[in-house]
Amino acid sequence: MSSVRSANGPNLRKSTLSDSVSSTFVLSEAMLRRSQRLQSNGYYGSQEEPLISYKETLYRIFKRRRPRPVPDNIDQDTVEYNTDDRDTVDYNYDDFVDYSSDSSRGLFRAIKALGLLVLMLALCFGLIFSIGGLKIDFSTPFMSEYLMNGHEQVERQVQELQRELMDLRKRIDFLLPVRDRMPNFALEELGAKIVKEQSSASYLSEQAGLKLLGLTLIPAKPPCVSPRVVIQGRAPMVPGVCWSFAGSQGHLTIKLPHSIAISHVTLGHISKMVSPSGKVSSAPRMFSVFGKRALDDSGVHLGTFVYDENGDPLQTFRIPDDKVDVIRYVTLHVLNNWGSREYSCLYNFRVHGKLA
């Protein structure tokens with residue numbers, strides 16, 4: 001027993017000594033790593049262990065990305081998740097399109113074919129423009145026939161457009177008569193005036209005044225409407241709003257605001273439809289137009305015309321080309337009317353032309 005102890009005693013001493021030395025070295029090394037500030041503040045105990053324990057809390061700086069919603073028609077197995085970052089989800093976008101269907105395959109084939117066609121055309125045009133001195137011979141039969149057909153086609157299109165233009169003009173003429181597309185120089189608002197000295201007297205009925213033995217007991221009333229109404233351009237024409245003169249013949253002279261080259265005249269009267277009696281017996285029938293450069297001139301006969309009682313209320317008459325002259329005064333001379341022996345009425349009179 002003693003031999004055993006003596007044999008093992010030195011070894012035990014050596015091991016104990018080495019353990020104490022190693023522990024002392026580790027402890028001293030650990031003490032060297034301690035912070036002097038923490039030691040002075042009592043952070044470490046007698047066993048050189050920290051007296052304060054704490055738990056760190058992690059905070060995310062960036063917001064957590066939400067995973068993309070998976071469509072209903074996509075199998076959940078086709079969704080691939082990134083193992084490195086669970087916040088992101090990678091989809092297999094090829095599963096959005098059903099390549100197995102015939103329509104999808106046909107569509108992609110058509111797109112590919114169109115792309116190839118565009119590429120080929122671009123190459124062809126580039127090749128053509130890159131070749132210098134390329135000329136086309138138009139004298140060949142093929143090119144001559146091609147140009148002839150194109151010329152005939154253009155000519156047919158021009159003729160068709162001309163016909164459409166004529167139809168459009170006819171419609172415009174129907175909607176807007178010629179008289180409304182020409183200036184009216186016999187208009188009071190433009191400066192036209194009635195020359196009373198060379199015009200017929202206004203009509204007064206027998207009941208307008210009462211005389212006895214040459215003495216006027218009741219004075220005659222002045223006419224209700226003056227001859228100015230003829231050049232005022234009233235529209236529409238109202239029954240009774242006209243200038244009347246006695247009998248079936250009379251005349252009216254108008255001074256125009258400017259000297260003009262007369263081309264047309266327009267005479268207006270109410271229609272039978274508007275007339276209370278259903279007749280237009282007081283309307284002028286045949287009338288003549290005279291023109292003067294000055295008031296003292298004898299005048300030039302510009303034409304004689306007939307107003308149609310069954311026609312439009314406003315009727316336009318063209319002055320013959322050989323009688324067109326520059327005038328400043330116009331005289332309307334009524335030769336007869338459509339049946340009334342008592343008086344005749346003038347509603348509207350217009351003079352058309354161009355400034356001289």
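Where does serine 281 lie, in terms of the strands on either side? In this predicted model, serine 281 sits in the loop that links strand 7 (250–268) to strand 8 (284–292). With a relative accessibility of 30%, serine 281 comes out as partly exposed. Setting aside residues up to four places away in sequence, its contacts are with Asn337, Trp338, Gly339 and Ser340. Another serine worth placing here is serine 248: the two are separated by 33 residues in sequence, and their C-alpha atoms are 9.9 Å apart.

Serine 199 is also a loop residue, found between strand 3 (193–194) and strand 4 (210–212). Its relative accessible area is 14%, and because the cut-off for buried is under 20%, serine 199 counts as buried. Its side chain has a polar atom 2.6 Å from the backbone oxygen of valine 195. On the nitrogen side, the backbone of threonine 253 comes in at 3.1 Å from a polar atom of the serine 199 side chain. Thr253 also turns up in the contact list of serine 199, along with Ile194, His251 and Leu252, once neighbours within four places in sequence are left out.

Stepping back to the whole chain, the count is 4 helices and 13 strands. Of the 356 residues, 24% are buried. As for contacts with a separation of 6 or more, 68% join residues that are 24 or more positions apart. The exposed surface of the chain amounts to about 26,700 Å², with 57% of that supplied by carbon and sulfur atoms.

Terms used. Residues are numbered from 1 along each chain as its sequence is written. This is a predicted model: local features need pLDDT of at least 70, side-chain atom pairs count only at pLDDT 80 or more; totals for chains, interfaces and linings use all residues. Side-chain values use heavy atoms; hydrogens and water are left out. Helices (H or I, at least four residues) and strands (E, at least two) are DSSP runs, numbered from the N terminus. Buried means under 20% relative accessible area, exposed over 50%, partly exposed in between (1.4 Å probe, protein chains only). A polar contact is a pair of N or O atoms within 3.5 Å; within protein, one must be able to donate a hydrogen and the other to accept it, and residues adjacent in sequence count only if both atoms are side-chain atoms. Contact means heavy atoms within 4.5 Å. Accessible areas come from the Shrake-Rupley method with a 1.4 Å probe; for residues, only the protein chains shown count as cover.
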